[in-house]
Amino acid sequence: MSKEDPQKHVEQLEEAVKGLCPAQLLEDVTDAKKWGRSHGLAPKKGGVIVSTQNTKLAKTGRDKDQEWEAWGLELAAGRSSGYSVCPTAVGERLGCLKYCLRSAGFGAFKPVTNARNRRTKLLFENPTHFMTLLVNDIRVLSCRAKAAGKRLAYRLNVLSDIPWFRIAPWLFDFFPEVQFYDYTKELSSLPSKATKLPENYHLTFSWHEKLSEKQMKGILGQGFNLALIFRGVTPAMTLPHEHWGYDVVDGDEDDLRFLDPQPAVVGLRAKGTLRSREGKGAVEAG
Ligand code: SF4
C-alpha cells in the first residue's frame, strides 16, 4: 500500500477489509497464525495475538464493574509506523498528536512502541491475515469472558481513530454479544440519518484543537458524550461536578464508557508528557 496520503491509508484499508467474511476468515486461522509468527506476532497469555490490555483496560472488571472484561487493539498513533491511523494527527505540530496519550504508562518503553508499530504495519501490509487474527482474538476473549460469567468489552481504537463501523461493519454483526466502544475525534462519525452506529458500538467524542466550543457543545446537545482533559487536576484531586451545565463523569475510574449516562462530559486527568504542559482549563487527548 502507498504511504503518501494520511487520509488514503484508512480508505485503502477500507477497500481491503470491507468485503471480508469473518466466518471464512476463521477457516484460515492456522495460516494467519503461521504468518503472524513469522512476522513477530507471537501468541500471548491465553492465546491472544494482536489484542492487549493496558493498565486502564486491565483495571476494568476488578472493582465495581465485575461483569466486564476489557481488551483492545493498540496500534501506533499518528503515522509513526509509516501508516496514518489518526486523521486528526495532521497539520501544525501534527495536530492532536501533541496531546496524545501514546507516551502514558508503558508507552514510554521501546518494546511497547515497537510492538505497536509492528502491529500497525502488519495490519496495512496484510489486512486479511491481520483481521483473521483480530477476529480469532475476539472470539477467544469472548468465550473466555463468558466462561468466567463476564462479558467482553473491546476497544478497537486504543491509540488510533479508524472508523471501524464503516470499514468493517461485519465485525459488529459477527459478535453481537461483545460490547465494542471507542473514543473518536472525528465529527464525521456522529451518527446521522445516513450513518447509524451498530447497536453494540459506543462512541465517546473527544476534544481536539480544531473543534470549536460551539461544535463541542453541539455534540453534547445531540445527546453524545464528550471527553475533556482537565488540566491542573492531579490524580489526588476530584474533577468538577459539572462543566457547561453537563454532569462530569470520572473517566479515569474505568474504561467502560458505554455505561456512562448521556449526555455527559467525561473528565480525564493529564497523563504522560501532557502532565508537564502548562495551562489550565479543559483540553482533551484520546
Ligand atoms: S490523540 Fe487520539 S487521534 Fe490523536 S494521535 Fe493520539 S490516538 Fe490518534
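Reader: What share of the 286 residues of the protein count as buried?

Author: In this predicted model, 41% of the 286 residues count as buried.

Reader: Why is R37 called exposed rather than buried?

Author: R37, which lies in helix α3 (residues 29-38), has 12 other C-beta atoms within 10 Å. A residue is exposed if that count is 12 or fewer, and therefore R37, with its 12, is called exposed.

Reader: How far is R37 from I49, in sequence and in space?

Author: R37 and I49 are 12 residues apart in sequence, and their C-alpha atoms are 9.3 Å apart in space.

Reader: What makes strand β6 mostly covered?

Author: Strand β6 covers residues 226-231, and 5 of its 6 residues are buried. To be buried, a residue needs 20 or more other C-beta atoms within 10 Å of its own, so the description of β6 as mostly covered rests on those 5 residues.

Reader: How do you know that β6 pairs with strand β5 and with strand β9?

Author: Two strands pair if at least two bridges are found between them. Strand β5 (residues 201-206) and β6 have 2 bridges, so they meet that cut-off, and they pair in the parallel sense. For β6 and strand β9 (residues 265-268) there are 4 bridges, so this pair also counts, and it too is parallel. As for the residues involved, S206 has A227 in β6 as its bridge partner, while L228 has G267 in β9.

Reader: Which residues touch the most other members of the largest nonpolar core?

Author: They are L134, Y154 and L226, in a core of 67 residues. The largest share of this core, 8 residues, comes from helix α6 (residues 127-147). In soluble globular proteins, nonpolar side chains tend to be buried together.

Reader: What is L134 in contact with, leaving aside its neighbours within four places in sequence?

Author: L134 is then in contact with V50 and L73. For the protein as a whole, if we take the contacts between residues at least 6 apart in sequence, 68% of them join residues at least 24 apart.

Reader: How do you know that the span of α6 agrees with what is expected?

Author: Helix α6 has 21 residues, and at 1.5 Å a residue it should span 30 Å. The expected span is 1.5 Å times one less than the number of residues. The end C-alpha atoms of α6 are 30 Å apart, and so the two values agree. Just after α6 comes G149, which takes a positive phi of about 75 degrees.

Notes: Residues are numbered from 1 along each chain as its sequence is written. This is a predicted model: local features need pLDDT of at least 70, side-chain atom pairs count only at pLDDT 80 or more; totals for chains, interfaces and linings use all residues. Two residues are in contact if their C-beta atoms, placed from the backbone, lie within 7 Å. A nonpolar core is a set of buried Ala, Val, Leu, Ile, Met, Phe, Trp, Tyr and Cys residues joined through C-beta atoms within 7 Å.
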